[in-house]
Amino acid sequence: MSIKLKPRARNGNIDIKLLIKHPMETGLRKSKGKLVPANHITDMTVAVNGTTVMKADIGSAVSKDPYFKFSTPGNKGDEVTVSYNDNKGKSGSASKKA
Amino acid sequence: MKKLTTLFLGLSVAVGFTNANIDPQADQDAFINYFKKANPNVALEDYSVGAYALDEINRGQFEDILSGITPYEDAVEKGGEEFADLGLGKCAALADPAAARVKHPYFDEVQGKVITLEMTIAKCYNEVTGKKIAKNKGRIARLSAWISDQAAGEKINVKVESDAAKAAYQKGKATFYAKRGEFNLSCADCHVYNHGKKARADVLSPALGHTTHLPMYRAKWGGLGTLHRRYGGCMKNMRAKPYKSHGEEFANLEFYQARMNNGFEITADRYRK
Amino acid sequence: MKRRLFLKSAMAGSAVATAIGAGLLAPRAVMANSDAFKAISSKMDAAAASAGKGSFTFKAPKIAENGAVVPMTVDASGMADVSNISILVKENGTPLCCSFNMTGANGEVSTRVKMGKTSAVTALVTAGGATSAVTQEVKVTIGGCGG
């Protein structure tokens with residue numbers, strides 16, 4: 001599953017917009033008469049130059065293709081890394097320089 | 001009464017009905033004036049965002065979505081990759097994607113009918129791959145969205161010049177104003193005469209500006225879809241049997257609607273409810 | 001009597017098994033939100049109930065255009081030592097939507113949330129060890145046009 005990561009350096013901070021392509025199924029939705037099993041991100045970690053700045057617990061109520069925007073102190077050239085795990089044991093990550 | 005009507009129609013045919021009375025510019029001027037009068041505080045270019053121009057609460061959410069990473073950004077990028085991978089630029093009609101967007105819909109004098117961008121894409125796809133492409137969503141919508149993105153900022157400029165083109169335009173206009181279906185509603189009933197009002201929880205969008213942001217992403221679809229997809233869905237909602245996508249009725253309707261938007265900028269902001 | 005009860009529950013067990021097999025009842029493995037997450041949800045819920053009113057900004061629409069995609073922003077950047085920002089949707093099965101633990105990142109976050117129906121939504125911020133909350137009602141409606 002791909003991650004769109006857009007870190008932008010601005011005045012001593014890095015503004016980070018990211019979108020993770022993920023169905024975020026709640027396990028309550030029916031498709032063709034059958035329940036679609038839960039399939040959602042459970043946690044996400046954001047690091048700058050290898051140091052974790054945020055760790056999030058994510059529930060099934062986050063919209064499909066989760067979008068997040070936040071900021072962290074940093075400068076142009078710093079490398080932002082986002083990684084996640086989902087309830088099916090799958091994971092993904094992406095890195096980009098601000 | 002019926003005899004009189006038949007006599008009148010007969011006379012019209014006998015005289016040789018010309019298209020001299022069809023004046024798209026006069027139609028557009030009247031159209032714009034109608035909406036200006038109805039909403040004196042809405043700037044003309046704002047009609048490009050449709051219902052959001054008249055609905056502050058939802059406009060905030062619309063702008064929120066646009067300021068983030070839009071749910072369709074990925075699909076549009078994919079459309080660009082598919083365009084390149086399939087080599088659709090080989091078709092003369094799509095060699096210049098931005099120009100292709102601005103050109104469509106147009107009246108093809110040789111084929112004697114209105115051609116929409118999706119119809120050209122479908123034709124090119126078939127020539128290049130030998131396969132048929134689904135008409136309303138998926139790949140065709142991605143390709144159309146990417147092609148349309150290339151023309152963002154350019155002005156809509158639909159030409160209605162020949163007699164045959166005017167006749168098609170007039171048919172499209174007639175479709176727009178004709179009542180149909182179980183509810184006996186025309187496009188105009190909601191999108192002109194009752195625009196800005198609510199149908200349950202939805203604000204009825206004004207028809208002015210309808211074709212600036214095609215193809216659109218609808219949150220309800222969770223994906224991109226073409227104008228004909230929207231037309232078909234709406235007709236079904238109105239309990240009317242929908243016309244065929246890429247067929248004459250929808251092509252003419254798109255032709256009329258697009259002509260009403262001449263001068264509006266094509267936008268890449270495709271998000272709708 | 002006892003035998004009947006015993007048989008009844010045994011039968012019920014197999015009915016459940018059948019139901020799971022038929023995809024009619026989702027077994028634990030495919031249900032959303034782990035026990036651990038639900039525990040965090042309960043903890044945050046309790047904290048929200050006893051939290052004082054927050055001075056931070058919580059932005060959510062009064063009427064959601066689409067319940068599947070409701071944009072929300074919590075901006076506590078004016079507060080010092082923000083260690084956690086959580087969003088709770090009261091009427092959702094598990095109220096906690098997401099919980100962000102900051103170990104360096106600034107105290108603000110935007111995201112898009114699914115809401116099943118009209119509900120009070122609470123943004124909970126923990127800063128300098130203390131929690132404060134801002135709650136707002138978000139209406140979720142059923143639209144008319146589709147296709």
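Q: In this predicted model, what is the strand order of the open sheet of 6 strands with antiparallel pairing?
A: Two chains go into this one, A and C, and the pairing is antiparallel. Reading across the open sheet, the order is β1(A)-β2(A)-β7(A)-β7(C)-β4(C)-β2(C).

Q: Why is one side of β1 of chain A and of β2 of chain C left without a neighbour in the sheet?
A: Have a look at the ends of that order: β1 (3–10) of chain A and β2 (57–59) of chain C stand there. From one strand to the next, the twist averages 10°. One side of each end strand has no neighbour because each has a single partner strand, which puts both at the edges.

Q: How many bridges join β7(A) to strand β7 of chain C?
A: This is where the two chains meet in the sheet, with β7(A) and residues 108–113 of chain C running antiparallel. One pair to look for is A:F70, whose bridge partner in β7(C) is C:V109. The count of bridges joining the two strands is 3.

Q: On the chain A side, which residue of β7(A) is the bridge partner of A:I14?
A: Strand β2 of chain A, residues 13–20, runs antiparallel to β7(A), and 7 bridges join them. Follow those across from A:I14 and the partner in β7(A) is A:T72.

Q: How many of the 7 residues of strand β7 of chain A are buried?
A: The strand spans residues 67–73, and β2 of chain A is joined to it by bridges. It's mostly covered, and the buried count is 5.

Q: And on the chain C side, what is the bridge partner of C:P71 in β7(C)?
A: C:P71 belongs to strand β4 of chain C, residues 70–75, which pairs with β7(C) in the antiparallel sense over 6 bridges. Across from C:P71, the partner in β7(C) is C:R112.

Q: Which helix of chain B lies across strands of chains A and C?
A: The strands in question are β2 and β7 of chain A, plus β2, β4 and β7 of chain C. The helix runs at about 75° to β4(C). Residues 56–67 of chain B make it up, and that's α3.

Q: What area is buried between chain B and chain A?
A: The contact involves 8 residues of chain B and 8 residues of chain A. Carbon and sulfur atoms give 50% of the buried area. On the chain B side, B:I69, B:E73 and B:D74 lose the most, together 67% of what that side buries. The total for the two chains is about 720 Å².

Q: How many salt bridges does the rule find across the interface of chain B and chain A?
A: One pair is B:E73 with A:K6, at 3.0 Å from N to O. Helix α4 of chain B, residues 73–86, gives the most to this side of chain B, with 3 residues. The rule also finds 4 residue pairs in polar contact across the interface. As for salt bridges, the count is 5.

Q: Is C:S132 buried or exposed?
A: C:S132 sits in strand β9 of chain C. Beyond its sequence neighbours it touches a string of residues, including C:F56, C:M79 and C:L124. Its relative accessible area is 11%, and the cut-off is under 20%, so C:S132 counts as buried.

Q: How far apart in space are C:K139 and C:I63, C-alpha to C-alpha?
A: C:K139 is also in β9, residues 130–140 of chain C, but at 41% relative accessibility it counts as partly exposed. Past its neighbours in sequence, C:K139 is in contact with C:K62, C:I63, C:A64 and C:T118. C:K139 and C:I63 are 76 residues apart in sequence, yet the spacing between them is 4.5 Å.

Q: What is omega for the cis peptide bond that joins B:L214 and B:P215?
A: B:P215 is in the loop between β4 (202–203) and β5 of chain B. Another cis bond in chain B joins B:H104 and B:P105, with omega about -5°. For B:L214 and B:P215, omega is about -10°.

Q: Which loop of chain C holds C:D81?
A: C:D81 isn't a glycine, but has a positive phi of about 55°. C:D81 is exposed, with a relative accessible area of 60%. Its place is the loop between β4 and β5 (82–89).

Definitions and conventions
Residues are numbered from 1 along each chain as its sequence is written. Chains are lettered from A and ligands numbered from 1 in the order in which they are written. This is a predicted model: local features need pLDDT of at least 70, side-chain atom pairs count only at pLDDT 80 or more; totals for chains, interfaces and linings use all residues. Side-chain values use heavy atoms; hydrogens and water are left out. Buried means under 20% relative accessible area, exposed over 50%, partly exposed in between (1.4 Å probe, protein chains only). Helices (H or I, at least four residues) and strands (E, at least two) are DSSP runs, numbered from the N terminus. Two strands pair if DSSP finds at least two bridges between them. Axes are lines fitted to C-alpha atoms, for helices over the stretch in contact, and angles run from 0 to 180 degrees between N-to-C directions. Contact means heavy atoms within 4.5 Å. Buried area is the accessible area (1.4 Å probe) that two parts lose on being put together, summed over both. A salt bridge is a side-chain nitrogen of Lys or Arg within 4 Å of a carboxyl oxygen of Asp or Glu. A polar contact is a pair of N or O atoms within 3.5 Å; within protein, one must be able to donate a hydrogen and the other to accept it, and residues adjacent in sequence count only if both atoms are side-chain atoms. Lists of a residue's contacts leave out its neighbours within four places in sequence.
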